Amino acid sequence: MTPSSNKGLSKRGFFVLALALAAAILLIQQYASKPRTAHPVETFASTAPFFAAQASDLQDTEQPLSQWQGQLLVVNFWATWCAPCREEMPELAELAREYAGKLVVLGISLDNVEKMQAFAQGKPMPYPLLSAEEEGMKLSASLGNLNSVVPHTVIIGSDGKILKSYFGRVTKALLLETLQPAFNS
């Protein structure tokens with residue numbers, strides 16, 4: 001057998017392949033371990049359909065969303081099956097506690113009340129959790145979410161206008177960039 005007829009990888013070829021594979025694994029691990037955060041998006045949708053709607057609270061009581069009209073709101077559309085939704089909830093909880101009296105955080109679940117209740121038993125939140133089921137995605141769409149993305153977070157000013165929307169996972173710091181000017185006005 002001559003060296004040119006050897007069909008296997010050479011030691012050099014094997015080393016290059018192993019190095020490329022190791023680099024690919026490191027890149028995948030780094031990319032997968034860092035949560036990707038949302039970018040703010042300008043949205044010019046009307047909030048009228050949102051404030052005209054109702055959603056069920058943890059006690060399965062219908063709550064009119066109009067009760068929060070006139071307040072600075074962080075409205076987070078989420079679902080129990082959505083990993084980025086669950087990841088951002090502790091930061092939303094921190095925001096709700098730290099700025100109580102200045103803003104209201106609302107978590108509007110796309111799940112039914114029973115799933116939301118089961119989730120809340122293990123992870124109680126200091127802000128209202130509401131179930132809107134199928135209507136939740138319609139409400140989210142009415143606020144500019146035309147691609148049915150969750151999580152979807154909308155900041156609504158006390159004047160009822162949308163200040164910013166975020167498609168994907170948010171952080172407290174990211175939300176505060178939009179909220180700080182609203183606190184000062």
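Start by selecting Glu87 and Arg169: in this predicted model, their side chains form a salt bridge, with N and O 3.3 Å apart. Now show the backbone around them. Glu87 sits in helix α3 (residues 83–98), while Arg169 is in the loop between β8 (162–167) and α6 (172–184), so this contact links parts that are 82 residues apart in sequence. Colour the two by accessibility and you'll see Glu87 as partly exposed at 42%, whereas Arg169 is buried at 10%.

Next, slide along to Glu94 and Lys172. Their side chains make another salt bridge, 3.0 Å from N to O. Glu94 belongs to helix α3 and Lys172 to helix α6, so here the pair connects parts 78 residues apart in sequence. Glu94 is partly exposed, at 39% relative accessible area; Lys172 comes out buried, at 13%.

Keep Lys172 selected and add Glu98. These two also form a salt bridge, and their closest N and O atoms are 2.4 Å apart. Glu98 is in helix α3 as well, so its pairing with Lys172 in helix α6 ties together parts 74 residues apart in sequence. Glu98 itself is partly exposed, at 45%.

Now add Glu91 to Glu87 and Arg169: salt bridges with shared partners join these three into one network. If you're keeping a tally, the structure holds five salt bridges.

Last stop: switch on the surface and pick Asp60, Glu62, Glu114, Glu133 and Glu134. Together they make up a patch of negative charge. Zoom in on Asp60, which you'll find in the loop between β2 (54–56) and β3 (62–64). Its relative accessibility is 45%, so Asp60 counts as partly exposed.

Notes: Residues numbered from 1 in each chain as written. Predicted model: local features only at pLDDT ≥ 70, side-chain atom pairs only at ≥ 80, totals over all residues. Heavy atoms only, no water. Patch = residues over 30% accessible without salt bridge, like charges linked within 9 Å, V, L, I, M, F, W, Y side chains within 5 Å. Areas by Shrake-Rupley, 256 points an atom, 1.4 Å probe, with all protein chains shown as cover. Salt bridge = Lys/Arg side-chain N within 4 Å of Asp/Glu carboxyl O. Lys, Arg positive; Asp, Glu negative; His and termini not counted. Charge placed at Lys NZ, Arg CZ, Asp CG, Glu CD. Helix = DSSP H or I, 4+ residues; strand = E, 2+ residues; numbered from the N terminus. Buried < 20%, exposed > 50% of the residue type's maximum accessible area, 1.4 Å probe, protein only.
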